Amino acid sequence: MALALHIPRSHRSGERGGRRGGRPVDRAGHPDLVPDSVRERQLPTTAHHLPHTPHHPQEYRMHPYQDPRLTPDQRVDDLLPRMTLEEKAGQMFHDMLMMNADGTLVTETDGSMLPFTTPEMIEGKHLTHFNLLGTYGAREMAIWANNVQELAANTRLGIPVSLSTDPRHSFTDNVGASFNAGAFSAWPEPLGLAAINDPELVEQFADIVRREYLAVGFRVALHPQIDLASEPRWSRQNGTFGSDAKVTGELVQAYVRGLQGKELGPHSVATMVKHFPGGGAQKDGEDPHFAHGKEQVYPGGMRELHLEPFKAAIAAGASQMMPYYGQPIGTDWEEVGFGFNKGVVQGLLRDTLGFEGIVCTDWGLLSASTIFGEPHPARAWGVEHLSRPELAAKSLDAGCDQFGGEACPEEIVELVRSGRVSEERVDVSVRRILREKFVLGLFDSRYVDVDLAEETVGRADFRAAGEAAQRRSLTVLSNRELSLPLSGRPKLYVENVDASVAAAYGEVVASPVEADFAVIRLRTPYEERANKFESFFHSGTLAFEGEELKRIVTLLDSVPTLVGINLERAAVIPEIAEHAAAVVADFGASDAALLDVAFGRARAEGRLPFELPRSMAAVEAARADVPNDTEDPVFAYGHGLEI
C-alpha cells in the first residue's frame, strides 16, 4: 500500500467542511479563521514527516488499527489485543515533559524536576500522554511536538502521543497550575471572562485557544476549571468562573464547544474538566496540593450546588474529567481523596451522572516527589498508609482510568500479574484512552506544520481579540465624584505601572506631590509560605494590613488616585474603597487596558464574579461551601459601575 503523509486534516486542501454565517467552517463546526494561502499549504514531503514502520521500513504493511476507513471502535478492537501488558500499563499514565529551548528532546536529566528523559518515558515506560512544562516559542514547540511524535512513531506499535497543557492564555505563571501567555494571545483569566459573562465570547476565546493549541500539537487541554469560588481564601479561584453555579455552567458549555466543536474529532482539542465534584469548599481556604489543606467541607449543605457546573460540562460532551485532591469530611462519602473515592467517581460521576469519558487523577496521587529540591508526599489524603501499588489499585477500583503526573506503569503490571487487578479491568480504561486518540485523528495525522504554527500562534487578530476582552473584563467598583474618565494630559504619578505606557496618556512625574492624578496597581494580599512550590499558591489573609495599608491610604489622601487591583482572590479593601478616587478590579489586563478605561478610550463591562468581604472576621465566619456568604460585603456579587 502507498505510504501516506501525516498531514493534519485541518491543513489539507479542500477540507473546509462547509460554511457558517458566511465564513468557512471545519467538520466540527468551528469557524475557519485560517487564511486561504495558509490553509492550502501542505507539510514538506520529507522523511521527518512520514509515518514510521519499524519492522518493514521499505514496505508499509497496514494493520486494521492503522486504517482510517475503520471506525475508532473497530481500530481499538484490533490494536488492544496486539498490546503487551507493559504497553497497556503505559497508556494509563499522563506525566510531564520538558523540552529544550530549541525544540529538541530532553535526553539528559539530573532528576531535580523530572526523573526520566523523554526517550525513557516513551521507549522504556511506553507512556504516550504528557503535559508540557514551561513557556517557549511557537516554532520551537511545534518542532518539539514533531520530535516527540517521531520518537513514538518508531516504537513497536507506533502509538501517537497525546500532548496536553495547563492554561497558557493569560497572566498567571504558576508551574503547578498555569503559564503566562508568552507566544500565545493574552486574555483575562477565567474570572475575567466570568466578569463579562458572555458565552459567545467564551466560545470565541476557546476556539482561538483550540487553533493555537492545534498549531503546536496540543490535543488535550487540562482545563477548564469549573469549581465554584465559594471560599474567599482559596488559592485556585483565579482559574474559575467565579461563585455562581448557573453562570459557570453556561460558560463551561461555551468553553467545551469552542475547544471540542459539536463533537470530538480531528479538529478538536479534548477538554479535561476539573476538579470533580468541585474543589471550592476547602476548609479555611487552604489548598489540597498540600497536606494541611486536604479537608473539603460542606457546613452549609451546598454539595449539590457545586455539582451543577459539572452536569453542564457533561451535557456539553466534555471528553475527560479530573477528580480533585480534596478529602471530604463530614459527609456520607468515604473520607478519602476524590481520586480514590469509589462513591464519587464510579457511583456519582459514572453511574449517576452518566459520564463515559476518561477520568484522569490530579497530579501526584501515588508517588512522593521532589519539587524545587523540596520533598512532597504523595497526595493520597485519607489513605496515606497504603503502599503505592495499593493506592493504584484503590484508584482503579474507584473508576479512574489514568494517573496524572506519574510514571510508574510497572505497578500496574505487577498488580495484574499478582492477580490483585484483572487485565480486563485494565482493558476497560485502555480502551477509553485509545479510542480518544483515534477520534482525535492522532493515528492518521500526528505531525504539525512548523511554519503554520509560527504564523498561527499569537496572530494579530487573536491578540486583538484578547486585548479587547481584557478591557471589557475590567470592573469599575467605585468612582467618587465621577473622577473617571480622565481627560487631557494630566501629570500622572504611577506605581506598578510601566512609565513608558503611562507616558502615552499623560506626563509621568516622580512623586505624588507633583501629580494631578495617581494610578497604582495592587494585587490581592496573601500570606508568604516557606515552601517554594506552595509559594505559587496564594493563600491566607486577603487584607492589606499594617504599614502597607497605612502607606497606601496616605497616598490616596494626598492625591486623587485610581487603584487598579488584580483580584486573583476576593480582596478585603474597605479602607482603599473609602479613600480612593476610583477602584477598578482586573482579572488579568495590561497597563494599557487599564489606562484606556481610565481615559474613556475603552468601555469596562465587568461585574464582580464574587463578593468582596468587609473583613477577615467576616471571611472566617462564612461557610466554605456557600457562595457569597460573608456579612455586609464591601462590594456584592455582580457589582460594577458604568463610566
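A residue is called buried here when its relative accessible area is under 20%. Keep that cut-off in mind as you move through this predicted model.

**Stop 1: helix 7**

Select R211 and D207. Both sit in helix 7, four residues apart, which is about one turn of the helix. Residues three or four places apart in an α-helix point the same way, because the helix has 3.6 residues a turn. R211 and D207 form a salt bridge, with the closest N and O atoms 3.1 Å apart. Are these two residues buried or exposed? R211 is buried, and D207 is buried as well.

**Stop 2: helix 7 against helix 8**

Keep helix 7 on screen and add helix 8, residues 245-260. The two axes come within 7 Å and cross at roughly 30°, in a right-handed crossing. On the helix 7 side, show P199, V202, E203, F205, A206, D207, V209 and R210; on the helix 8 side, show L251, A254, Y255, R257, G258 and L259. Sorted by class, this contact has nine nonpolar, one polar and four charged residues. D207, from the previous stop, is among the helix 7 residues here.

**Stop 3: helix 7 against helix 15**

Now swap helix 8 for helix 15. Helix 7 and helix 15 pack at an angle of about 145°, and their axes are 11 Å apart. Helix 7 passes helix 15 in a left-handed crossing. From helix 7, pick L201, Q204, I208, R211 and E212; they meet F462, A465, A469 and R472 of helix 15. Five nonpolar, one polar and three charged residues make up this contact.

**Stop 4: R472 and its partners**

Stay with R472, which is partly exposed at 23% relative accessibility. Its side chain meets that of D198 in a salt bridge (3.3 Å, N to O). R472 lies in helix 15 (residues 460-473) and D198 in the loop between helix 6 and helix 7, so the pair ties together parts that are 274 residues apart in sequence. Then widen the selection to D198, R472, R603, E605, R607 and E642, which are linked in a network of salt bridges.

While you are at that loop, click on N197, which is also between helix 6 and helix 7. N197 is not a glycine, yet its phi is positive, at about 55°. With 35% relative accessibility, N197 counts as partly exposed.

**Stop 5: a second long-range salt bridge**

How many salt bridges does the model have? The count comes to 45. For another one, select E454 and R139, whose side chains meet at 3.0 Å, N to O. E454 belongs to helix 14 (residues 450-456) and R139 to helix 5 (residues 138-153), so this pair ties together parts 315 residues apart in sequence. E454 is partly exposed at 45% relative accessibility, and R139 is partly exposed at 28%.

**Stop 6: helix 19**

Next, select residues 591-598, helix 19, where seven of the eight residues are buried. These are D591, A593, L594, L595, D596, V597 and A598. To see what covers them, show helix 15, helix 16, strand 18, strand 19 and strand 20, which are included in that cover. After helix 19 comes G600, with a positive phi near 75°.

**Stop 7: H275 and two cis peptide bonds**

Move to H275 in strand 7, residues 270-276. H275 counts as buried because its relative accessible area is 1%. Which side chain makes a polar contact with the side chain of H275? The partner is D227, at 2.9 Å. Beyond its neighbours within four places in sequence, H275 touches Q225, D227, R236, F310, M322, Y324 and D362.

A short step along the chain, the peptide bond from F276 to P277 is cis, with omega near 0°. P277 is in the loop between strand 7 and strand 8. Another cis peptide bond joins H223 and P224, with omega about 15°. Look for P224 in the loop between strand 6 and helix 8.

**Last stops: T370 and L482**

T370 is in strand 12, residues 369-371, and is partly exposed at 40% relative accessible area. Measure in your viewer from T370 to M113: the C-alpha atoms are separated by 6.8 Å, with these positions 257 residues apart along the chain.

Finish at L482, in the loop between strand 15 and strand 16. L482 is a residue other than glycine with a positive phi, near 50°, and at 70% relative accessibility L482 counts as exposed.

Notes: Residues are numbered from 1 along each chain as its sequence is written. This is a predicted model: local features need pLDDT of at least 70, side-chain atom pairs count only at pLDDT 80 or more; totals for chains, interfaces and linings use all residues. Side-chain values use heavy atoms; hydrogens and water are left out. Buried means under 20% relative accessible area, exposed over 50%, partly exposed in between (1.4 Å probe, protein chains only). A polar contact is a pair of N or O atoms within 3.5 Å; within protein, one must be able to donate a hydrogen and the other to accept it, and residues adjacent in sequence count only if both atoms are side-chain atoms. Contact means heavy atoms within 4.5 Å. A salt bridge is a side-chain nitrogen of Lys or Arg within 4 Å of a carboxyl oxygen of Asp or Glu. Axes are lines fitted to C-alpha atoms, for helices over the stretch in contact, and angles run from 0 to 180 degrees between N-to-C directions. A crossing is left-handed if the near helix is turned anticlockwise from the far one by less than a right angle, and right-handed if clockwise. Ala, Val, Leu, Ile, Met, Phe, Trp, Tyr, Cys and Pro count as nonpolar, Asp, Glu, Lys and Arg as charged, and the others, Gly among them, as polar.
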